Amino acid sequence: MKKISELKIKKIIHRPTQNFDEEGKRIYNAFEYDLSYNPTHIGNERERLYAKIIDLLPFFLLFQLGFHMIFFASLLLSILSVLVIGTFTESTLGTTVGKKFFKLKVIDDFGKNPKILKSALRNFLSFINFFPVFSDFEPGPNEYWAKSGTRLNFSMHLNNQIAKTFIVKEDKIPEIKKLLAEKK
């Protein structure tokens with residue numbers, strides 16, 4: 001059976017040469033590459049962070065306001081609740097409330113909902129890899145009002161790499177299933 005991590009897609013890249021045709025148009029060479037298929041989308045780190053906050057918030061408010069617990073205890077219990085509930089909802093539905101809000105789905109290397117142990121592993125690791133990544137940025141040439149600075153991003157891929165799972169948009173699932181069903 002095929003795995004998402006083994007999928008390849010053909011990509012043709014046109015590189016310009018220094019030659020021109022009779023009409024003065026540049027001549028391009030075409031190169032064909034087999035690239036690894038990436039089912040995720042750009043910007044999913046921020047969506048995943050917000051989804052995790054959406055999952056945490058109701059539990060935090062329940063423990064904080066409903067049970068009148070101290071802040072740290074409310075936070076710790078809400079994290080544990082999200083770990084447990086997230087594990088079950090991802091293994092049965094493929095998503096959590098926060099991920100559903102952003103139309104995200106968790107799939108394993110075969111394009112299916114992850115099994116309960118795999119989901120538990122990725123959920124446990126998701127809180128460990130919440131570390132921020134700082135990167136420098138420069139404004140564009142026409143952005144004279146903007147200043148250069150440091151941008152804060154969250155890299156939340158370690159848990160998926162270890163558990164061999166993927167976070168994908170729901171509308172990308174048919175494309176993934178089609179690629180997995182194709183003959184080699």
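A salt bridge is a side-chain nitrogen of Lys or Arg within 4 Å of a carboxyl oxygen of Asp or Glu. In this structure, which is a predicted model, the side chains of Glu-170 and Lys-100 meet in such a bridge, with an N to O distance of 3.0 Å. Because Glu-170 lies in the loop between E6 and H6 while Lys-100 belongs to helix H3, the pair ties together parts that are 70 residues apart in sequence. With a relative accessibility of 26%, Glu-170 counts as partly exposed; Lys-100, at 47%, is partly exposed as well.

By this rule the count of salt bridges comes to 8. One of them joins the side chains of Glu-47 and Lys-169, at 3.4 Å from N to O. This pair also links distant parts of the chain, since Glu-47 sits in helix H1 and Lys-169 in strand E6, 122 residues apart. Burial means a relative accessible area under 20%, so Glu-47, with 18%, is buried. Lys-169, at 23%, counts as partly exposed.

A further bridge is formed by the side chains of Lys-99 and Glu-90, with 3.0 Å between N and O. Here the relative accessible area of Lys-99 is 5%, so this residue is buried. Glu-90 is buried too, with a relative accessible area of 0%. Elsewhere, salt bridges link Lys-10, Glu-32 and Asp-34 into a network.

From the charged pairs the account turns to the nonpolar interior. The largest nonpolar core consists of 10 residues: Ile-4, Leu-7, Tyr-37, Ile-107, Phe-166, Val-168, Ile-173, Ile-176, Leu-179 and Leu-180. Two elements give two or more residues to this core, namely strand E6 (165-169) and helix H6 (173-181). The greatest contribution comes from H6, with 4 residues. Apart from this core lies another, of 5 residues, among them Phe-102, Leu-104, Val-106 and Ile-167.

Tyr-37, a member of the largest core, illustrates how parts of the chain meet. When residues up to four places away in sequence are not counted, Tyr-37 touches Ile-4, Leu-7, Lys-8, Ile-9, Lys-172, Glu-175, Ile-176 and Leu-179. Among these contacts, Ile-4, Leu-7, Ile-176 and Leu-179 also belong to the largest core.

The aromatic rings provide another view of the packing. A pair of aromatic rings is described by the distance of the centres and the angle of the planes. There are 4 aromatic pairs in the model. In one of them, the rings of Phe-101 and Phe-102 have centres 5.1 Å apart and planes at 90°, so the pair is edge-to-face. The two partners contrast in accessibility: Phe-101 is exposed, with a relative accessible area of 60%, whereas Phe-102 is buried, at 17%. Phe-102 is also among the residues of the 5-residue core. Ring pairs link Tyr-50, Phe-101 and Phe-102 into a cluster.

Two residues merit attention for their backbone geometry. Most residues other than glycine have a negative phi. His-68, although not a glycine, has a positive phi of about 50°. His-68 lies in the loop between helix H1 (44-66) and helix H2 (71-92), and its relative accessibility of 66% means that it counts as exposed. Lys-103 is likewise a residue other than glycine with a positive phi, near 60°. Lys-103 is found in the loop between helix H3 (97-101) and strand E3 (104-108). The relative accessible area of Lys-103 is 52%, so this residue is exposed.

The last feature is the largest pocket, which has a volume of about 200 Å³. Its lining comprises 13 residues, of which His-157, Asn-160, Gln-161, Thr-165 and Phe-166 are the closest to its centre. H1, helix H5 (158-163) and E6 are the elements that give two or more residues to this lining. The largest share, 3 residues, comes from E6.

Strand E6 thus recurs through this description. E6 contributes to the largest nonpolar core, carries Lys-169 of the bridge to Glu-47, and supplies the largest share of the lining of the largest pocket. Phe-166, which belongs to the largest core, is also one of the residues closest to the centre of that pocket.

How values were computed. Residues are numbered from 1 along each chain as its sequence is written. This is a predicted model: local features need pLDDT of at least 70, side-chain atom pairs count only at pLDDT 80 or more; totals for chains, interfaces and linings use all residues. Side-chain values use heavy atoms; hydrogens and water are left out. A nonpolar core is a set of buried Ala, Val, Leu, Ile, Met, Phe, Trp, Tyr and Cys residues joined through side-chain atoms within 4.5 Å. Buried means under 20% relative accessible area, exposed over 50%, partly exposed in between (1.4 Å probe, protein chains only). Contact means heavy atoms within 4.5 Å. Rings of Phe, Tyr and Trp (its six-membered ring) pair if their centres lie within 6.5 Å; planes under 30 degrees apart count as stacked, over 60 as edge-to-face and the rest as tilted. On a 1 Å grid over the protein atoms alone, a cavity is a set of points where a 1.4 Å probe fits but cannot get out, and a pocket is an open set with protein on both sides within 12 Å along at least five of seven lines; lining residues have an atom within 4 Å of a point. Grid points are joined across faces, edges and corners, and a volume is the space filled by probe spheres set on the points.
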